[in-house]
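Okay, everyone, thanks for coming. Let's have a look at this one together and talk about its empty spaces.

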Amino acid sequence: MKLCLFFSLISWSTGAYAQNFVVTGKVTSNGESVIGATVQVKGKIAGTITDIDGNYRLTLENSKETLVFSFIGYQSKEVTVNGKNVINVELEEDVAQLEEVVVVGYGTMRKKDLTGAITRISTENTTQSVTSVAEMLRGTVAGFSAGFGTSAKGGGSMLIRGEKSINASNSPLIVLDGVIFNGDLVDINPSDIETIDILKDGSSAAVYGSRAASGVVVISTKQGNEGKPVINFDMKIGMQNLTRNQRPFNGQEYMVMRRDEKIRSNPSRPLGYFHNPDNLPQGVDLNTWLSYTGASADSNPAEIWLNRLAFSTTEIDNYLAGRETDWYDASFQNALRQDYNVSISGKNDKVSYYWSLGSINNQGIVVGDQYKTIRSRLNLKVNVTDWLQVGFQAHYATRNESVDEVDWEEAIQASPWGGKYEEDGSLKFYPNDDNMSTNPFASYEQRDRFNVTQTFNATLNAKITLPWGFVYEMSYSDYNNWQKNHYFDPSTSMAGEKYKGHAVRRNNSAHSWMFDNILRWNRTFNKIHKLDLTLLFNLEKNETWSDKAENSNLTPSEVLGWHAVANGTNPVVGSDDTVDTGNAMMARLNYNLMDRYLFTASFRRDGYSAFGSNNPYANFPAFAFGWRMNEENFMRAISWIDNLKFRLSWGINGNRSIGRYAALANLDSEKYLHNGSTVIGIYATRLPNENLKWEKTEAYNIGFDFAILGNRLNGTVEAYYMSTKDLLLTRSLPDIIGFSGVTTNLGEVRNKGFELSLNSVNIDHKNFRWSSSFIASLNRNEIAHLYGEMVDVLDKDGNVIGQREDDDIQNGWYIGHALDEIYDYKILGVWQEDEREEAAKYGKEPGDFKIWDVNNDGEYLPEDDKVFQGHKRPRFSFGIGNTMEFFKCVDFSFFIRSDLGHKSSNSHYTHPTDYYYDRVNAYKYDYWTPENPTNEFARLGSNTKSPSFNVYKNRSYVRLQEVSLAYRIPNKISSKWSVSNARVYINISNPLLITGWNYWDPESLSPAPRTFTFGINFSL
């Protein structure tokens, strides 16, 4: 333990001892040499490693030492020397490691027996300060992406292997402890999670059929462990600040910007007319400057200047008084984060239990952004008899989001010489005395909001062991969600003034249940034939209820606000309820031959009420094959290969994420006068489609799993191809028939990609262990078909030379191109003064962006001059992680990730026509003037209308995502206080970003936080 406490004084040594007793030998496994095995003197720092032939040589202090032989993937072995000079050791494989169990659909499987593309993530020893599962997974899994949640609530969208659908959802299905989960991920406490398995290919996901086209995320929560009851406590306290600033012009810069805009928009004004009288251009003196408006010599030049710049009364008063408001700094804050979790768990031969309680109180980097939640979970299993096991899993969460944050975008536009408050202390609605800019603090300071969501999810299950290897499992899951979102804008507030007070009450609730019946059969024949059969019958029902009541001009008093919404003169009431049902049957067979040849076949049939009456059901088959090549005789001679498995899979999955009533006609009502009386008329707003059916994705996957050099390096290589057909689209209809469109099945989108995952143990010594991970992925998609409407292809003379399928130009969908491919006018630079004549031919002037006229016909037409110029989603993604352990008590890790090759538009380069630079503030970007002839930024108020276009910039970045340092307090010390597994740690999230993108964070496109976290956890 002293080594751990004074680790900085110790280094690895293989030092010689005085008596020079030498031991040599060889380390093998299954007759093969083990390269790089550690041979250590027990209790001391002396040691060595085996060479390429498995041999070692070690000098000892005496002949009675004990040697410890160890290697990754093998069980350690201790041997007492007892005067022997030659000690050969045979290491045995670590069965627990080889037999690692991975969660697959409706069951588990040994990792070595997998035939699909499944990645497992363990949450053990995490130090991240996160509120949602999605945040834990960012950048850590090849082929998986999660959005950057920048608010106090956190979270973010998830995507597996790219976009497969145009209109339907691309979000993966969530499975929680074996049951499909319909709730919000933020209700699942990351501290309760044991493992996460991501099912990426069509075969592994096909057992979930109807909802698995976008992949599946399987979450397994913690259970009780053998032994005495254990109480675990974890505390995280942290602080957030902005990672990068995107500031507006400050007070003096704002004056210059207003001056330059006035000069640009008033070219007939004399030289220096809009200049500061204290800094006039050469050739203009103060008297000349005053004479421009006939002002006398005793006039106040500053006041004259501000009026020429069209400053408001408030701006003039504040400028003359030297009162500048920093709206930007007032809108952002250093935010406090608090996360506390406690759990108790245990297990004996009859009962396994895990109960937890967690509380989060987070502020966001935007003033007013606040998120509070309390989450609790209970997992219980009881072995009633040797043939009956019953279980209960439940979690409850309450979320409080009852504060409106400051409108930081309005803070950018607010004049630094505007005012936040009126003279009487009330909030000033328009800081600039101009309704072009509203007070960013209006809702934060004036709105009374109550926004609380409560969820409860419970699952009852039973497992019955039957004769002849059969097991029957039944589970019933019940999910409930209740939300109250009420607010009141007083008559004295900006939002409520015109209504004389405005109160709103929204109540939403949801309920869904799911019933699974599963029959399993597992049998081995002749020791080489292993069969695992799973049969499923599933039922589900989902319901939502929503109602809204609002009113204004509350009487006789508005003091009760939304509590008395009925006390108004303008009531509005609305409601919306929905229901859908589904059922499914599934069969899956796993066949293992000689632990070498692996086969999986499954078939699922789903029904869903939202589809047309002619197509309520769909079938989803799948097949997969695995070959453990390293088990073949011809591979056994290659000692440095520990595992080599080939996988091939095919499967079809569905997507049902459309409106619950998209296949049905919709009727609406409207009041009108008839013969002097008010009557209600009924009319149809949507056409039915009785043939509406499932969107289906057919997926192929080929993969290799490998481990070499005694498992020091292992990894996975995947390649896939997917085709999504019968896309759920709204097809436009001619206005003459009275309907704008109908939901139908059209088109095809194709995806292909490549993924690489590597894990290595670089150094594994007694007092230092260094391991690394690397992931890389790319995805390419294209629209193969849309509506099937053919158009003529013409040559340069207008002759028809063929046909092609027509694009959907309105939605930006083009056959043969990616969903996210950019099709727009290409920017060549900025028109300069010496190009004025040429610019005028296109209706432009110096300072406007120069657009590429592809065919040089002197005009800009979308069909002639728009070109493909990149993509909006990353073309390549990679992540690199490193973990180092010092002296078995200090852990240091960091993770770097990157998205490369994608672009986004940035309108702040264009300084567009319809932005009022002479009335409001703006982001601090450079702009073109005759004195500053930049070729990157346009002039203020540049011509962005004829034609409309976008300026695209590269969003590639490299991010240091996590840095963590942890210290594990030795149990010899912590046990004095009856504490074990004590650990303290610090973590920094998002400390460093490298990018050429010039607008907030390149990943979130919004203000993003850097998080500093201090944590401690221990067990009792």
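**Inside the fold**

Let me jump right in with β47, which gives the largest cavity three residues of its lining, the most of any contributor. Keep in mind that this is a predicted model. So who else is in there? β47 (957–968), β48 (980–995) and β49 (1009–1019) each put at least two residues into that lining. In total, 17 residues line the largest cavity, and nearest its centre you'll find Glu-135, Arg-138, Phe-148, Ser-989 and Thr-1011. By type, the lining has nine polar residues, five charged and three nonpolar. The space inside comes to about 210 Å³, and the structure has six cavities of 30 Å³ or more.

How do you find gaps like that? You roll a probe the size of a water molecule over the atoms, and that shows where empty space is left.

Now, the second largest pocket. About 1,100 Å³ of space lies there. It is lined by 43 residues, with Gly-107, Thr-108, Lys-381, Glu-473 and Arg-520 closest to its centre. That lining splits into 18 polar, 15 nonpolar and ten charged residues.

Okay, zooming out. The protein chain has 15 helices and 49 strands. Its C-alpha trace spans about 110 × 80 × 75 Å along the principal axes. Is that what you'd expect of a compact globule, or not? Well, with 1020 residues, such a globule would have a radius of gyration near 31 Å, and the protein chain has 34 Å, so the two agree. And 49% of those 1020 residues count as buried.

Methods:
Residues numbered from 1 in each chain as written. Predicted model: local features only at pLDDT ≥ 70, side-chain atom pairs only at ≥ 80, totals over all residues. Heavy atoms only, no water. 1 Å grid on protein atoms, 1.4 Å probe; cavity = no way out; pocket = protein on both sides within 12 Å on 5 of 7 lines; lining within 4 Å. Points joined across faces, edges and corners; volume = space filled by probe spheres on them. Nonpolar A, V, L, I, M, F, W, Y, C, P; charged D, E, K, R; others polar. Helix = DSSP H or I, 4+ residues; strand = E, 2+ residues; numbered from the N terminus. Rg over C-alpha atoms; globule rule 2.2 N^0.38 Å. Buried < 20%, exposed > 50% of the residue type's maximum accessible area, 1.4 Å probe, protein only.
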